Amino acid sequence: MFNSSRSLVLTLFNLLALSSALAFAAPHKGKHHSGSSVTKKLTESATDALERRYDNARFTYYDAGENACGGYDSNRDYVIAISPSLYNNGAHCYKTVTLQYNGQQVKAKVTDECPGCKDAEADLSRPLFAHLAPLDEGVIYGQWWFD
């Protein structure tokens with residue numbers, strides 16, 4: 001008898017816990033809703049950016065250091081600073097990208113925003129740029145995409 005009573009209590013407890021969880025998970029029907037059009041547009045924009053391949057992108061280089069993602073990059077890191085429109089308030093911080101130039105591919109991390117860059121233009125850390133081309137070239141054009 002003790003085991004069946006205990007089993008019944010546990011079953012009731014589990015049902016109560018499940019119904020509470022479902023009540024909290026139900027959509028809110030008040031005046032406010034969680035899916036604002038601004039949030040939806042930002043999410044769609046971030047998703048579109050992740051699926052795009054950027055051809056004929058202008059690459060320059062910069063001295064890495066304190067970054068816009070809230071960290072610090074050393075002068076040996078393969079990091080990239082992207083345009084404000086793609087940086088999207090940090091939506092792509094620490095995402096991996098692949099860059100391609102002159103038949104070479106290399107991976108890097110997004111850690112910074114490039115205020116002077118437009119669209120697919122990007123600043124590469126010195127060692128990343130040097131991996132692709134000599135620094136004295138200054139500007140190169142290649143492809144890049146989010147992995």
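User: Does Cys 117 count as buried or exposed?
Analyst: Its relative accessibility comes out at 9%, and the cut-off for burial is anything under 20%. Keep in mind that we're looking at a predicted model. With 9% under that cut-off, Cys 117 counts as buried.

User: Which residue does Cys 117 form a disulfide with, and is that partner buried or exposed?
Analyst: The sulfur of Cys 117 sits 2.0 Å from that of Cys 114, and the two make a disulfide. Cys 114 has a relative accessibility of 6%, which is again under the 20% limit. So the partner is Cys 114, and it counts as buried.

User: What is the handedness of the disulfide between Cys 114 and Cys 117?
Analyst: Look at the torsion about the S-S bond, which is about 70° here. That value is positive, so the Cys 114 to Cys 117 disulfide is right-handed.

User: What about the disulfide of Cys 69 and Cys 93, left-handed or right-handed?
Analyst: Here the S to S distance is 2.1 Å. The torsion about the S-S bond is about -90°, so this disulfide is left-handed.

User: How many residues apart are Cys 69 and Cys 93, and where do they sit?
Analyst: Cys 69, which is buried at 17% relative accessibility, belongs to the loop between β1 (53–62) and β2 (79–82). Cys 93 belongs to the loop between α3 and β3. The bond thus ties together distant parts of the chain, and the separation is 24 residues.

User: What is the disulfide pairing when the bonded cysteines are numbered in sequence order?
Analyst: The count is two disulfides. One of them joins Cys 69 to Cys 93, and Cys 114 is bonded to Cys 117. Numbered along the protein chain, that reads as 1-2, 3-4.

User: In what order do the six strands close into a barrel?
Analyst: The pairing around this barrel is mixed. Ignoring direction, neighbouring strands of the sheet are turned by 45° against each other on average. Going round, the order is β1-β5-β2-β4-β3-β6.

User: How many bridges does β3 make with β4, and how many with β6?
Analyst: Strand β3 runs antiparallel to β6 (residues 140–146) as well as pairing in the antiparallel sense with β4. The bridge counts are six with β4 and four with β6.

User: Which residues stand opposite Leu 99 in β4 and β6?
Analyst: On the β4 side, the bridge partner of Leu 99 is Val 106. On the β6 side, Gln 100 stands opposite Gln 143, while Leu 99 has its own match in Trp 144. The two names you want are Val 106 and Trp 144.

User: Which residues have the most contacts inside the largest nonpolar core?
Analyst: That core has 25 residues. Its members come from all over the fold: β1, β2, α3, β3, β4, β5, α4 (126–132) and β6 each supply at least two. A second, separate core of six residues includes Tyr 62, Ala 81, Cys 114 and Cys 117. Back in the largest one, the residues with the most contacts are Phe 59, Ile 80, Ile 82, Val 97, Leu 99, Leu 124 and Trp 144.

User: Which residues does Thr 60 contact, and is Thr 60 buried or exposed?
Analyst: Thr 60 lies in strand β1. Its relative accessibility is 14%, so Thr 60 counts as buried. Leaving aside neighbours within four places in sequence, its contacts are Ala 122, Asp 123, Leu 124, Phe 129, Gly 138 and Val 139.

User: Which of Asn 88 and Asp 119 is buried, and which is exposed?
Analyst: Asn 88, in the loop between α3 (84–87) and β3 (96–101), has a positive phi of about 50°. Asp 119, in the loop between β4 (104–113) and β5 (122–125), has a positive phi of about 45°. Their relative accessibilities are 13% for Asn 88 and 59% for Asp 119. So the buried one is Asn 88, and the exposed one is Asp 119.

User: What phi does Asn 102 take in the hairpin of β3 and β4?
Analyst: Most residues other than glycine have a negative phi. This hairpin has two residues between its strands. There Asn 102 takes a positive phi near 50°.

Notes
Residues are numbered from 1 along each chain as its sequence is written. This is a predicted model: local features need pLDDT of at least 70, side-chain atom pairs count only at pLDDT 80 or more; totals for chains, interfaces and linings use all residues. Side-chain values use heavy atoms; hydrogens and water are left out. Buried means under 20% relative accessible area, exposed over 50%, partly exposed in between (1.4 Å probe, protein chains only). Two strands pair if DSSP finds at least two bridges between them. Axes are lines fitted to C-alpha atoms, for helices over the stretch in contact, and angles run from 0 to 180 degrees between N-to-C directions. A disulfide is a pair of cysteine sulfur atoms within 2.5 Å. Contact means heavy atoms within 4.5 Å. A nonpolar core is a set of buried Ala, Val, Leu, Ile, Met, Phe, Trp, Tyr and Cys residues joined through side-chain atoms within 4.5 Å.
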